[in-house]
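These entries record what I looked up on strand pairing and helix packing. The sequence and the model follow.

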Amino acid sequence: MENKIAEMMPEAVATLRFARISPRKVKVVADLLRGKNVDEALATVKFTPKAASEILEKLLKSAIANAENNHNMTHSKLYVAEIYANQGPTLKRIRPAAKGSAVRIRKRTSHITIVLRERV
């Protein structure tokens, strides 16, 4: 029953793919935003001193714009229903190491998704 209700509710989605930041770093900030109203989430992400907060702020603003312009949702009712960061492809680089050996450097990427819904 609850799944049918959730399917009928309109939702606005914003996705950033191939972000050059590790998903582990993004998840720390994403956990702070989950379930909050969008204004509260924007304030939280603005004053969080993490590398991922700048990326998430821009993505959150994009999701809000999608909700208002594409789905005619009310700004005051919006909240962060889902936010997650999945792992993207890893860029593999090589760095010289001692005794002629090489060390592999993994530059990780993320796929970040924000889903906004209206509170009933």
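How many bridges join strand 2 to strand 5? I noted first that the model is predicted. I then found nine bridges between strand 2 and strand 5 (residues 110–118), and the two strands run antiparallel. As one pair, I looked up Leu 78, whose bridge partner in strand 5 is Glu 118.

Entry on the sheet. I recorded an open sheet of three strands in the order 1-5-2, with antiparallel pairing. Strand 1 (11–19) and strand 2 (78–87) each have a single partner strand and stand at the edges, so one side of each is left without a neighbour in the sheet. Ignoring direction, I noted an average turn of 15° between neighbouring strands of this sheet.

Entry on helices against the sheet. I found helix 2 packed on the sheet, where it touches strand 2 and strand 5. The direction of helix 2 makes about 165° with that of strand 2. Helix 4 lies across strand 1, strand 2 and strand 5, and I noted that it runs at about 145° to strand 1.

Entry on the helix pair. I looked up the axes of helix 2 (residues 23–33) and helix 4 (residues 51–70), which come within 8 Å and cross at roughly 55°. I therefore entered helix 2 as oblique to helix 4. The crossing of helix 2 past helix 4 is right-handed. On helix 2, the contact is made by Lys 25, Val 26, Val 29, Ala 30 and Leu 33; on helix 4, by Ala 52, Ser 53 and Leu 56. I classed the residues of this contact as six nonpolar, one polar and one charged.

Note on methods. Residues are numbered from 1 along each chain as its sequence is written. This is a predicted model: local features need pLDDT of at least 70, side-chain atom pairs count only at pLDDT 80 or more; totals for chains, interfaces and linings use all residues. Side-chain values use heavy atoms; hydrogens and water are left out. Axes are lines fitted to C-alpha atoms, for helices over the stretch in contact, and angles run from 0 to 180 degrees between N-to-C directions. Helices (H or I, at least four residues) and strands (E, at least two) are DSSP runs, numbered from the N terminus. Angles under 35 degrees count as roughly parallel, over 145 as roughly antiparallel, 65 to 115 as roughly perpendicular and the rest as oblique. A crossing is left-handed if the near helix is turned anticlockwise from the far one by less than a right angle, and right-handed if clockwise. Contact means heavy atoms within 4.5 Å. Ala, Val, Leu, Ile, Met, Phe, Trp, Tyr, Cys and Pro count as nonpolar, Asp, Glu, Lys and Arg as charged, and the others, Gly among them, as polar. Two strands pair if DSSP finds at least two bridges between them.
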